[in-house]
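Dear colleague,

I am handing over the structure we spoke about, and it is shown just below this paragraph. My notes on what was found in it come after that, and I would be glad if you read them with the structure open.

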Amino acid sequence: MRITIAVAGFKKQELKINLEGNQLVVRGSKSDSDNDKIYIHRGIATRQFQRNFILAEGIEVEEASIENGLLNIDLIQPMPQEE
């Protein structure tokens, strides 16, 4: 399974992914380093965000990666052991 979030304009170090219990929390926050710049138009929003996802029992986060402005979070559900 995969969760994909558009994060264009955010750097890898500006994103935080945490697993709090069975809740996956994705936060993004931009540094204020370009406040002195004046823009005519900003096509990409750079405000902070937080997205929460409730994961079903047994779902594990396998990997997270950024590619072409998309954050991909891969999830796995291990197969139950047969006795």
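Glu 14 has a relative accessibility of 10%, and because buried means under 20% relative accessible area, this residue counts as buried. Please keep in mind that this and everything below comes from a predicted model. Glu 14 is found in the loop that runs between strand S1 (2-6) and strand S2 (15-20), and its side chain reaches the backbone nitrogen of Lys 11 at 2.8 Å. If residues up to four places away in sequence are not counted, Glu 14 touches Gly 9, Arg 27, Gly 28, Ser 29, Lys 30 and Ser 31.

One of those residues, Gly 28, also appears in the strand pairing, where it is the bridge partner in S3 of Leu 15. S2 and strand S3 (residues 23-28) run antiparallel and are joined by 6 bridges. These two strands belong to an open sheet of 3 strands, which has the order S2-S3-S4 and antiparallel pairing. The edges of that sheet are S2 and strand S4 (49-54), each of which pairs on one side only, and from one strand to the next the twist averages 15 degrees.

Within S2 you will find Asn 18, which has a relative accessible area of 30% and is therefore partly exposed. Leaving aside neighbours within four places in sequence, Asn 18 is in contact with Gln 23, Leu 24, Val 25 and Arg 27. Asn 18 and Asn 52 are 34 residues apart in sequence, while their C-alpha atoms are 9.8 Å apart in space.

The loop that holds Glu 14 also holds Phe 10, whereas Phe 49 lies in strand S4. A search of the whole structure finds 1 aromatic pair, and it is formed by Phe 10 and Phe 49, which meet edge-to-face with 5.3 Å centre to centre and 85 degrees between the planes. Since Phe 10 is in the loop between S1 and S2 and Phe 49 is in strand S4, the pair ties together parts that are 39 residues apart in sequence. Both rings belong to buried residues, with a relative accessible area of 12% for Phe 10 and a relative accessibility of 15% for Phe 49.

Turning to the other strands, S6 (residues 70-76) is the one that contains Asp 74. Of the 7 residues of S6, 5 are buried, so this strand is largely enclosed by the rest of the structure. S6 pairs with S1 in the antiparallel sense over 5 bridges, and in that pairing Thr 4 stands opposite Asn 72. S6 also pairs with strand S5 (residues 60-67), again in the antiparallel sense, over 7 bridges, and here Leu 71 in S6 is the bridge partner of Ile 66. S5 and S6 form a hairpin with 2 residues between them, and in the turn Asn 68 has a positive phi of about 55 degrees.

Which residue does the side chain of Asp 74 join through a polar contact of 2.7 Å? The partner is Arg 2, and the contact is made between the two side chains. Asp 74 has a relative accessibility of 12% and so counts as buried. Apart from neighbours within four places in sequence, Asp 74 is in contact with Met 1, Arg 2, Glu 60, Val 61, Glu 62 and Glu 63.

For the protein as a whole, there are 0 helices and 6 strands, and reading along the sequence gives the pattern β-β-β-β-β-β. The protein has 83 residues, of which 22% count as buried, and it exposes about 6700 Å², with carbon and sulfur atoms supplying 47% of that area. Among the contacts with a separation of 6 or more, 51% are accounted for by residues 24 or more positions apart.

With best wishes

Notes
Residues numbered from 1 in each chain as written. Predicted model: local features only at pLDDT ≥ 70, side-chain atom pairs only at ≥ 80, totals over all residues. Heavy atoms only, no water. Helix = DSSP H or I, 4+ residues; strand = E, 2+ residues; numbered from the N terminus. Buried < 20%, exposed > 50% of the residue type's maximum accessible area, 1.4 Å probe, protein only. Polar contact = N/O pair within 3.5 Å; in protein donor to acceptor, adjacent residues only side chain to side chain. Contact = heavy atoms within 4.5 Å. Pairing = 2+ DSSP bridges. Axes fitted to C-alpha atoms, helices over the stretch in contact; angles between N-to-C directions. Areas by Shrake-Rupley, 256 points an atom, 1.4 Å probe, with all protein chains shown as cover. Phe/Tyr/Trp six-rings, centres within 6.5 Å; stacked < 30°, edge-to-face > 60°.
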